[in-house]
Amino acid sequence: MKISAIIVAGGRGRRMGADINKVFLPLCGKEILSYTLTAFEACDKIDEIVVVTGSDDISRVKDIVKREKLKKVTEITEGGKERQDSVYNGLRAASGGLAVIHDGARCLITPEEIAAVIGDAIEYGAAALGVTVKDTLKSINESGNIIGTIDREHTVQIQTPQVFPAAKIKAMHEAISARGIAVTDDCSVYEYFGKTVHVTMGSYDNIKLTTPEDIIVGEQILRRRST
């Protein structure tokens, strides 16, 4: 079965305090997106890579693909207004039977983690990377008062990649769009239709670079890996 990676790389840099798409910010001398694409290129389970980004950023992605000699990037397509719209555009451009959906700003993902979550998706039907929660989590009310404690033993922090049968997740995206339902990740789409997503335990290194502090942490992780 052909496996397609869909890299969602259309986010702006507001929380980064940047005036460009954050995936083009430098991390140890290379763009954030460069690390993401290189990891998927190196995973032998990935057959094609579709990058979804802003119309103004397509040429920048092409430059990275050319410079890094990335052979698996088959399509660079324009994103939509919301993340779920961008994912849908990527699904439309992909040709694989399995869709591996990933945030472009999670550039510290490894080929081994990608392979592991794909393997679980094939076994269980759908899978997503996640890690157990370290902190105690509390529920609060509208006044900011604690009203309960969340069971940490059965709570995970979900990451990407999130992996699904391509035809199923595409049809589900079409259905929620028609119903005007907003979601923040693709597991939520699957859950809405009563489907189960298996959690593949990943790494705390697989952070999404969102704030300037994340850049500092990301560079520390890269330096640790290099030694």
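## Helix H7 and its surroundings

In this predicted model, the cover over the buried residues of helix H7 includes strand S2 (26-27) and helix H1 (32-42). Helix H7 itself spans residues 212-226, a run of 15 residues. Its first and last C-alpha atoms lie 22 Å apart, close to the 21 Å expected at 1.5 Å a residue.

The buried residues of H7 are Asp214, Ile215, Gly218, Glu219, Ile221 and Leu222. Viewed down the axis of H7, these buried residues fall within an arc of 160°, so they line one face of the helix. The pattern agrees with a general property of the fold element: an α-helix has 3.6 residues a turn, so residues three or four places apart point the same way.

## Thr210, ahead of H7

Thr210 belongs to the loop between strand S11 (198-201) and H7. Its relative accessible area is 12%, and Thr210 is therefore buried, the cut-off being under 20%. The C-alpha atom of Thr210 is 7.5 Å from that of Ala105, although 105 residues separate the two along the chain.

## Aromatic pairs

How many aromatic pairs does the structure hold? There are 2. Such a pair is described by the distance of the ring centres and the angle of the planes.

One pair is formed by Phe164 and Tyr190, with 4.9 Å from centre to centre and 45° between the planes, a tilted arrangement. The pair links distant parts of the chain: Phe164 is in strand S10 (residues 156-165) and Tyr190 in helix H6 (residues 186-192), 26 residues apart. Both Phe164 and Tyr190 are buried. In the pair of Tyr192 and Phe193, the ring centres are 5.0 Å apart and the planes meet at 85°, so this pair is edge-to-face. Tyr192 has a relative accessibility of 41% and counts as partly exposed; Phe193, at 28%, is also partly exposed.

## Charged groups over rings

Two residues with charged side chains are placed over aromatic rings. Arg60 lies over the face of Phe24, at 5.4 Å from the ring centre. The charged end of Lys134 is positioned over the ring of Tyr204, 4.0 Å from the centre of that ring.

## The environment of Asn21

Asn21 is located in the loop between strand S1 (3-8) and S2. Is Asn21 buried or exposed? Its relative accessibility is 0%, so Asn21 counts as buried.

The side chain of Asn21 makes a polar contact with the side chain of Asp57, at 3.1 Å. Leaving aside neighbours within four places in sequence, the contacts of Asn21 are Ala9, Gly10, Gly11, Arg12, Thr53 and Asp57. Asp57 thus appears both as a polar partner and in the list of contacts.

## Backbone geometry

Most residues other than glycine have a negative phi, and most peptide bonds are trans. Where does the model contain a cis peptide bond? A cis bond joins Thr160 and Pro161, with omega at about 10°. Pro161 lies in strand S10, the strand that also holds Phe164 of the tilted aromatic pair.

Cys28 has a positive phi of about 50°, although it is not a glycine. Cys28 is placed in the loop between S2 and strand S3 (30-31), and its relative accessibility of 35% makes it partly exposed. Lys69, likewise not a glycine, has a positive phi of about 55°. The loop that contains Lys69 runs between helix H2 (58-67) and strand S5 (73-78). With a relative accessible area of 61%, Lys69 is exposed.

## Ala121 in helix H4

Ala121 is part of helix H4 (residues 111-124). A relative accessible area of 3% places Ala121 among the buried residues. Not counting residues up to four places away in sequence, Ala121 touches Ala126, Ala127 and Val163. The C-alpha atoms of Ala121 and Ala99 are separated by 9.9 Å, with the two residues 22 apart along the chain.

Terms used:
Residues are numbered from 1 along each chain as its sequence is written. This is a predicted model: local features need pLDDT of at least 70, side-chain atom pairs count only at pLDDT 80 or more; totals for chains, interfaces and linings use all residues. Side-chain values use heavy atoms; hydrogens and water are left out. Helices (H or I, at least four residues) and strands (E, at least two) are DSSP runs, numbered from the N terminus. The expected span of a helix is 1.5 Å times one less than its number of residues. Buried means under 20% relative accessible area, exposed over 50%, partly exposed in between (1.4 Å probe, protein chains only). The arc is that of the directions from the helix axis to the C-beta atoms. Contact means heavy atoms within 4.5 Å. Rings of Phe, Tyr and Trp (its six-membered ring) pair if their centres lie within 6.5 Å; planes under 30 degrees apart count as stacked, over 60 as edge-to-face and the rest as tilted. A charge sits over a ring if NZ of Lys or CZ of Arg is within 6 Å of the ring centre and within 35 degrees of the ring normal. A polar contact is a pair of N or O atoms within 3.5 Å; within protein, one must be able to donate a hydrogen and the other to accept it, and residues adjacent in sequence count only if both atoms are side-chain atoms.
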